[in-house]
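Hi,

Here is the structure I said I would pass on. Have a look at it first, and then read on for what I found in it.

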Amino acid sequence: MSEYSIEEITADHLAHITAVAQGLAGDVRALVDATVRTQVGDDDVAAAREHIAAATALLRREQLPGAFGIRFSATAGKRNWGNAMVGLRNPVAPPMHMSYDGEKITGTVDLGAAYEGPAGLVHGGILAALLDQALGSAAENAGVPGMTGTLNVRYRQATVLGPVTVSAWLDRTEGIKSFAKGTVSTADGVTVEADGVFILPRWARGQSQEDAVRTVGEG
Ligand SMILES: CCCCCCCCCCCCCCCC(=O)SCCNC(=O)CCNC(=O)[C@H](O)C(C)(C)COP(=O)(O)OP(=O)(O)OC[C@H]1O[C@@H](n2cnc3c(N)ncnc32)[C@H](O)[C@@H]1OP(=O)(O)O
């Protein structure tokens with residue numbers, strides 16, 4: 001398949017594949033957490049590996065030739081289910097759940113042991129990636145999408161593993177450049193601040209936003 005595609009699916013089918021994808025990705029996330037934190041002995045690890053190998057072989061029976069891509073449909077809108085931060089069927093995504101209130105993106109995410117950098121703290125690269133996604137989505141939702149050109153991240157204080165909130169908003173636009181800002185917060189307050197420039201690529205500039213998003217896609 002191409003990286004961007006349009007497909008029509010019924011509401012019932014969408015509900016079904018959503019539940020299946022969320023279930024599988026959730027199970028694999030649980031496996032990752034269990035793997036990081038397990039203290040069982042070698043025999044149990046060996047037995048677990050046999051089960052994991054069997055599950056992997058089962059899933060490999062029928063695979064996409066590449067990544068999930070970005071898919072559009074009248075029923076479901078955009079499905080970026082492979083996205084590394086928010087992808088519904090990607091166990092690597094924490095996932096961050098995002099909502100938009102017309103001005104601001106709010107992302108909620110629970111970062112467990114798999115996202116550790118310094119002991120007990122969230123890895124800085126993960127925080128940057130979450131902010132990249134949220135700032136990009138803020139620009140996209142404001143109707144001025146673009147690819148990340150530059151992302152500046154300031155780590156104000158450590159971010160303890162656990163629930164975090166990511167906020168992002170469009171600051172201003174200058175032609176094809178959208179400037180967005182955002183923060184990561186925990187119970188300790190704001191831990192990270194970011195600002196970024198999101199640029200509508202040269203090859204997308206002649207198209208309407210809707211056409212560009214459909215043919216070029218987005219994160
Ligand atoms: C509708 C289709 C949209 C598709 C997109 C939708 C995304 C919807 C987001 C959803 C949420 C995703 C969140 C995850 C987002 C990623 O992860 S995106 C992946 C990471 N980013 C990339 O891979 C981008 C790679 N870089 C590029 O593709 C190109 O360098 C860029 C950034 C598109 C710019 O290239 P270009 O179109 O040739 O730009 P160019 O005409 O040379 O310059 C235009 C202007 O931008 C400035 N500029 C150029 N590069 C930069 C830069 N890196 N930093 C700052 N300014 C720059 C120039 O100075 C120029 O400014 P002015 O002279 O006009 O004042």
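To start with, how many bridges join strand β4 to strand β5, and do they run parallel or antiparallel? There are 4 bridges between β4 (residues 97-100) and β5 (residues 104-111), and the two strands run antiparallel. Before you go further, please keep in mind that this is a predicted model.

**The β4 and β5 hairpin**

These two strands make a hairpin with 3 residues between them. Look for Gly102 in the turn, where phi is positive, at about 100°. Two of the pairings are easy to pick out by eye: Ser99 sits opposite Thr106 of β5, and Tyr100 has Ile105 as its bridge partner in β5.

Strand β5 is worth a second look, since one face is covered and the other is not. On the covered face you will find Ile105, Gly107, Val109 and Leu111. The uncovered face carries Lys104, Thr106, Thr108 and Asp110. As background, side chains in a regular strand alternate between the two faces of the sheet. Going back to the pairs above, Ile105, the partner of Tyr100, belongs to the covered face, while Thr106, opposite Ser99, belongs to the uncovered one.

**From β5 across to β9**

Now follow the pairing onwards. β5 is joined to β7 (residues 162-174) by 8 bridges, and that pair is antiparallel. Gly107 of the covered face stands opposite Val166 in β7.

Next, β7 pairs with β8 (residues 177-186) over 9 bridges, again in the antiparallel sense. Ala168 has Gly182 as its bridge partner in β8. The hairpin of β7 and β8 has 2 residues between the strands, and Gly175 takes a positive phi there, near 60°.

Then comes β9: it is joined to β8 by 10 bridges, antiparallel once more. Phe179 stands opposite Val197 in β9. This pair is also a hairpin, with 2 residues between β8 and β9.

**Two residues to click on**

Try Glu193, which lies in β9 (residues 189-199). Is it buried, exposed or something in between? Glu193 has 15 other C-beta atoms within 10 Å, so it counts as partly exposed. Setting aside its neighbours within four places in sequence, Glu193 is in contact with Arg154, Arg156 and Thr183. Thr165 is 28 residues away from Glu193 along the chain, and their C-alpha atoms are separated by 12 Å.

Then try Ala119, in the loop between β5 and α3 (124-141). Ala119 is exposed, because the count of other C-beta atoms within 10 Å is 6. From Ala119 to Arg205 is 86 residues along the chain, with 45 Å between their C-alpha atoms.

**The annotated span**

UniProt, in an unreviewed entry, places the feature "domain: Thioesterase" at residues 120-191. In the model, the end C-alpha atoms of that span lie 15 Å apart. Residues 120-191 are 25% helix and 49% strand.

**Two domains**

The protein chain is divided into domain 1 (1-94) and domain 2 (96-216). Their centres, taken over C-alpha atoms, are separated by 23 Å. The contact takes 11 residues from domain 1 and 15 residues from domain 2. On the side of domain 1 that touches domain 2, the elements giving two or more residues are β1 (4-6) and α1 (11-37). The largest share of that side, 4 residues, comes from α1. What classes of residue make up this side of domain 1? It has 9 nonpolar, no polar and 2 charged residues.

**Helix α2**

One last stop is helix α2 (residues 42-59). At 1.5 Å a residue, its 18 residues should span 26 Å, and its end C-alpha atoms are 26 Å apart, which agrees. How many of the 18 residues of α2 are buried? The count is 0, so to speak plainly, α2 is hardly covered.

Happy browsing!

Terms used
Residues are numbered from 1 along each chain as its sequence is written. This is a predicted model: local features need pLDDT of at least 70, side-chain atom pairs count only at pLDDT 80 or more; totals for chains, interfaces and linings use all residues. A residue is buried if 20 or more other C-beta atoms lie within 10 Å of its own, exposed if 12 or fewer, and partly exposed in between; C-beta atoms are placed from the backbone. Two residues are in contact if their C-beta atoms, placed from the backbone, lie within 7 Å. Two strands pair if DSSP finds at least two bridges between them. UniProt positions are given in the numbering used here, feature names are shortened, and annotations may be inferred rather than shown by experiment. Domain bounds come from an automatic or database domain assignment. Ala, Val, Leu, Ile, Met, Phe, Trp, Tyr, Cys and Pro count as nonpolar, Asp, Glu, Lys and Arg as charged, and the others, Gly among them, as polar. The expected span of a helix is 1.5 Å times one less than its number of residues.
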